[in-house]
Amino acid sequence: MIIKGKAIKYGNDVNTDVILPGRYLHLTDPEEMVKHVLEDLDPDFLKKFHIGDVVVAGRNFGCGSSREQAVMCLKYAGVGCIVAKSFARIFYRNAINQGLPVVESPDAADIIDSGDELEIDINEGFIVDKTKNLRFSFHPIPGFIKKILEAGGLIPRLKKLGEE
Amino acid sequence: MGETITEKILARAAGKRSVEAGEFIEAEVDLAMSHDNTFLVSKIFREIREKNMVWNPDRVVVVLDHRSPANSIKTAEMHKDIRGFVEIHHIKNFYDVGEGICHQVVSEKGFVYPGMLIVGTDSHTTTYGAFGAFATGIGATDMAMVWSTGRLWLKVPKTLRFNISGKPGRYVMARDIILHIISRVGVDGANYRSCEFYGDTIKGMSIDGRMCIANQAVEMGVKAAIIPPDKKTFDYLKSRVHGLFKSVYADDDAVYEKNFDFDISDLEPQVACPHKIDNVKPISRVVGLDVDQAVLGSCTNGRLEDIAIAAEILKGKTISKNVRMIVSPASRSVYLQCIEYGYIQILMKAGAVLVNPGCGPCLGIHQGVIASGERVVSSTSRNFRGRMGSPDAEIYLASPATVAASALRGKITDPREI
């Protein structure tokens, strides 16, 4: 699984309320949800963003509420991967369950700048910053989680297992 | 090697003699709670298998509290869908709009007792740790799995031990203590950890206060926050829990990742300033800031003792004409007790707006949404940007005593001055 995209960088403690504010939690249509992704953190996010781009952030990404819609709206928008120094635990689980790749790499999160071209190899566990010509490795993701990500989430993975 | 409460509960739930921090387990869930997001859970649940049935309807609780009563046609349709779902699945533990906030209702109705493993699709599920349970928040997909199988994989967290000592001063509440702790530990200082709370301060604290501590501990990133049960716990549970339970305590030689010691004897009221919960200042550093709205309620601080202290401060007085004060008792039962004790009358006469039990203004959807440029002092759970309305508003979190005193003066006020 290889992800290619541009970095869009934010700071520490990006919380679920700024990823998808409570006032939009009644939305169920993916297109409607996407319109508000990261709205309270960066109203220009969608203007900068191209499908496959990588959100890079500091510590404790996704802290706050357990709302899975925070992951869903990032996924529906087409975010390729989130690279952060660390993740809040509920968000991390939700991301895997929704099939959105999440990578913990404190070094990469420090050094990568917005606009850098990235290539992330989930299987081998490394990030290449093509703009800076740097390579960062991260703990490879365990096999069962890789399979969930490849299937596009836990439920598609279960369905696949059922068919096999 | 001795074990923490966390390790003992998780070992029992995994059907093992013992577990170690870092170990992955598949645990049997004792109780699965969800609120308005039951709509999303049920949608995912139906995707797993077309005719999927809930593994054990008696272990599922559903409480409608987040947008309650419905604030829009869309919400009304979701609530309608949930009512149909609980009927089809014979989920009799269903509490419709107006019963109160899930964590308060689930505790009051006797679903929680020591030693349980509880999951909820709400981050403040940690609240149940006030009764010696291991309780943690999960997402909708995980809950759909729990509904299907009754099981969930978990990583056994490391345990942090908090020793809190000292007698709190006048108008210094549990909320001040936990805000102070959060400021020292940081918003991710306990990420992936379980916290266990000890010390004479905790022993002296009411059940309402303990629930506030366990509730707010999640703001440090914890997976669970546990207070060992004692006589106060058993007195609370006596009339509510039918059946036997076995309390779980840590061994004397239990191993904690880290110990934190706090002496709160000289602690002054604390205020969490925008836009992070660990941006905490002693009240002396923020007094005098004008406020537009004061909110008393939520799963953090909407309980009887919280409303009692506000009534004590506002008795026979009128709040500032520049402030809208919104009060939402955490449950129907709390509301009824407040009526019985005359608190509601005091607050109404003082100029407060009483809204029904529910999450209300904490979620920024209805019942007191704030405008740009406004400042709110609130006893609710979070001060993230945009949480209670406009992203250009400021939220200051404080104890119910500080909220009441600030409503009275129209500016952030030290309740000890009233």
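Here is a friendly walk, in questions and answers, through a predicted model with chains A and B.

Residues are numbered from 1 along each chain as its sequence is written, and chains are lettered from A and ligands numbered from 1 in the order in which they are written. In this predicted model, local features need pLDDT of at least 70 and side-chain atom pairs count only at pLDDT 80 or more, while totals for chains, interfaces and linings use all residues.

Visitor: How far apart are the end C-alpha atoms of helix α3 of chain B?
Guide: Helices (H or I, at least four residues) and strands (E, at least two) are DSSP runs, numbered from the N terminus. The expected span of a helix is 1.5 Å times one less than its number of residues. For the 16 residues of α3(B), residues 73–88, that gives 22 Å, and the model agrees, with its end C-alpha atoms at a separation of 23 Å.

Visitor: Which residues of α3(B) are buried?
Guide: A residue counts as buried if 20 or more other C-beta atoms lie within 10 Å of its own, exposed if 12 or fewer, and partly exposed in between, with C-beta atoms placed from the backbone. By that rule the buried residues of α3(B) are B:Thr75, B:Met78, B:His79, B:Ile82, B:Phe85 and B:Val86.

Visitor: Over what arc around the axis are they spread?
Guide: The arc is that of the directions from the helix axis to the C-beta atoms. These residues are on the same side of α3(B), because they cover an arc of only 120 degrees.

Visitor: And which exposed residues does the face turned away from the buried side of α3(B) carry?
Guide: Covering the buried residues are elements of chain B that include α2 (38–48), β3 (60–63) and β4 (94–95). On the face turned away, the exposed residues are B:Ile73, B:Lys80, B:Gly84, B:Glu87 and B:Ile88.

Visitor: Just after α3(B), which residue takes a positive phi?
Guide: Most residues other than glycine have a negative phi, and most peptide bonds are trans. The loop between α3 and β4 of chain B holds a residue that is exposed, with 11 other C-beta atoms within 10 Å. Its phi is about 55 degrees although it is not a glycine, and it is B:His90.

Visitor: In chain A, is A:Asn60 buried or exposed?
Guide: A:Asn60 is placed in the loop between β2 (54–57) and α4 (69–77) of chain A. Its phi is positive, about 65 degrees, although A:Asn60 is not a glycine. With 24 other C-beta atoms within 10 Å, A:Asn60 is buried.

Visitor: What is omega for the cis peptide bond that joins B:Ser68 and B:Pro69?
Guide: B:Pro69 has its place in the loop between β3 and α3 of chain B. The bond that joins B:Ser68 to B:Pro69 is cis, with omega about -5 degrees.

Visitor: What is omega near for the peptide bond from B:Pro274 to B:His275?
Guide: B:His275 is in the loop between β12 (270–272) and β13 (280–282) of chain B. The bond from B:Pro274 to B:His275 is cis, and omega is near -10 degrees.

Visitor: How many residues of domain 2 of chain B are in contact with domain 1 of chain B?
Guide: An automatic or database domain assignment supplies the bounds, and chain B is divided into domain 1 (5–243 + 253–262) and domain 2 (271–412). Their centres, taken over C-alpha atoms, are 24 Å apart. Two residues are in contact if their C-beta atoms, placed from the backbone, lie within 7 Å. On that basis 33 residues of domain 1 of chain B meet residues of domain 2 of chain B, which number 31.

Visitor: Which residues have the most contacts inside the largest nonpolar core?
Guide: A nonpolar core is a set of buried Ala, Val, Leu, Ile, Met, Phe, Trp, Tyr and Cys residues joined through C-beta atoms within 7 Å. The largest nonpolar core has 195 residues, and those with the most contacts inside it are B:Tyr396 and B:Ala404.

Visitor: Between which domains does this core lie?
Guide: Among the residues that B:Tyr396 touches are B:Val271, B:Val286 and B:Ile412. Both domains of chain B give residues to this core, so it lies between domain 1 and domain 2.

Visitor: How many of the residues of α8(B) are buried?
Guide: The buried residues of α8(B) include B:Asp208, B:Arg210 and B:Gln216. α8(B) is mostly covered, and of its 10 residues the number buried is nine.

Key:
Lists of a residue's contacts leave out its neighbours within four places in sequence.
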